[in-house]
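Q: Hello! I have a new structure to look at and would like some help reading it. Where should I begin?

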Amino acid sequence: MLAVGGMIGALVSGKTADYFGHRTTMWIINVFFILGWLAIAFTKVSWLLDLGRLLQGIGIALTSYVGNIFIAEITPKNLRGGLVSLNSWMTGSGVAFVYLIGSVVKWRGLALIGSIPCLLQILCLFFIPESPRWLVKNGREKEFEGVLQRLRGKKADISPEAAEIKEYAEFIQLLSENKFLDLFQKKYARPITVAVGLMLLTQFSGLTGYTFYMTNIFVLAGISSEAGYVTLAVVKILSTTLAIFLIDKSGRRTLLMVSAAGTCLGSLLTGFSFLLQDHHYWISVLALTGVSVYFVSFNLGISGIPWIIMSEIFPINVKGSAGSLCVLIYWISSWAVSYTFNFLLQWSSTGTFIIFAAVSALGFLFTVMLVPETKGRSLEEIQASVTRVLRYRNAKSSFV
């Protein structure tokens, strides 16, 4: 039901953000989250649990799009990667925190605890400005300059950046391509291929299988659930923290290749551990090592970088439709992996993780051949070069 909700949310995520704005969409997101948590916490019938999960899925799909887009659009280019990674760090740390709380709190209490951050964000959104790029796209230029000045600081000279954003927005709007089918023109082939490919890598490298069925993996491997979850909580926090410091130094592409290679190794170790069923000590050690290597590697790159790149490479005229497509692909893939994982484990526990390793290996090759490096470049530069809609000249921010 979470994945089904994700698919529904994906279909409307881009258009919702385009129409209402990023900040208003975040208010809507938190309403879905709170209603979902309350349905779960106070349910007395099973269908309310399904409804709660459905609402949660819609909220997650919306926030996975608008959260990353919003951060990318408000931050300077030299900080963009680190701050979008900080979003992934908060997500990873939140999951780790819930693993720890869930070991001592019953599920109804856990659902109520989950609603607290949503209530806090509703209040905090009163103090958060709208995306300056969304404002200029919608003709609100006076607000645009005020927000950009606020984001950069009172003494900052925003003239060059403001001129670049406005000129690019004016030019790209002349293309007047905002329908879903406009995405499938030849000039958008590369960004669509890159974004969709990275969304598929995120899920088919095994994320949902590892996350939703971690207890099953621990049971099969003879690992104590408490010890396993505590280990994963520490691993998640440390690895996502490391990613924040690396992403704007090493670059998106390099870190993504390292991440794909690491998830391949982690899945291989996990898969091979199940070949040692008769050596219970070694299967436990090897399985826990494999799972830890997988999550360290995943959190270094595949966890957040696909969302960063997705938020960077699409021009504003097709960003809403492109974002909806990418989030939809992500959630369809999530549903496919979560639905088939138990069947795959019954077929072959070793074979399941070998498949995940193979997908990670293909992801490594895909990154080498197609994924662009976007570190240290403005959104306008990235989009102009990747889509090949136009040539971009740095000197006067002119487009030909």
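A: Let's begin with the secondary structure: this protein has 18 helices and 2 strands. Keep in mind that the model is predicted.

Q: How do I read the radius of gyration of the protein?

A: Set it beside the value for a compact globule. For 400 residues that value would be near 21 Å, and the protein has 21 Å, so the two agree. Along the principal axes, the C-alpha trace spans about 70 × 50 × 40 Å.

Q: What share of the 400 residues is buried?

A: Buried residues, those under 20% relative accessible area, make up 53%. As for the surface, about 17900 Å² is accessible, and carbon and sulfur atoms account for 69% of that.

Q: How many positive and negative side chains are there?

A: There are 32 positive and 21 negative ones, and the centres of the two sets lie 1 Å apart.

Q: Now a single helix, please. What span should the 20 residues of H2 have?

A: At 1.5 Å a residue, H2 (residues 22-41) should span 28 Å; the C-alpha atoms at its ends are 29 Å apart, so expectation and model agree.

Q: Which residues of H2 are buried?

A: First, the general idea: an α-helix has 3.6 residues a turn, so residues three or four places apart point the same way. In H2, the buried residues include His 22, Thr 25, Met 26, Ile 29, Asn 30, Phe 33 and Ile 34.

Q: Which helices do the buried residues of H2 pack against?

A: Their partners are H1 (2-20), H3 (46-74), H5 (107-124) and H6 (132-137).

Definitions and conventions
Residues numbered from 1 in each chain as written. Predicted model: local features only at pLDDT ≥ 70, side-chain atom pairs only at ≥ 80, totals over all residues. Heavy atoms only, no water. Helix = DSSP H or I, 4+ residues; strand = E, 2+ residues; numbered from the N terminus. Rg over C-alpha atoms; globule rule 2.2 N^0.38 Å. Buried < 20%, exposed > 50% of the residue type's maximum accessible area, 1.4 Å probe, protein only. Areas by Shrake-Rupley, 256 points an atom, 1.4 Å probe, with all protein chains shown as cover. Lys, Arg positive; Asp, Glu negative; His and termini not counted. Charge placed at Lys NZ, Arg CZ, Asp CG, Glu CD. Expected span 1.5 Å × (residues − 1). Contact = heavy atoms within 4.5 Å.
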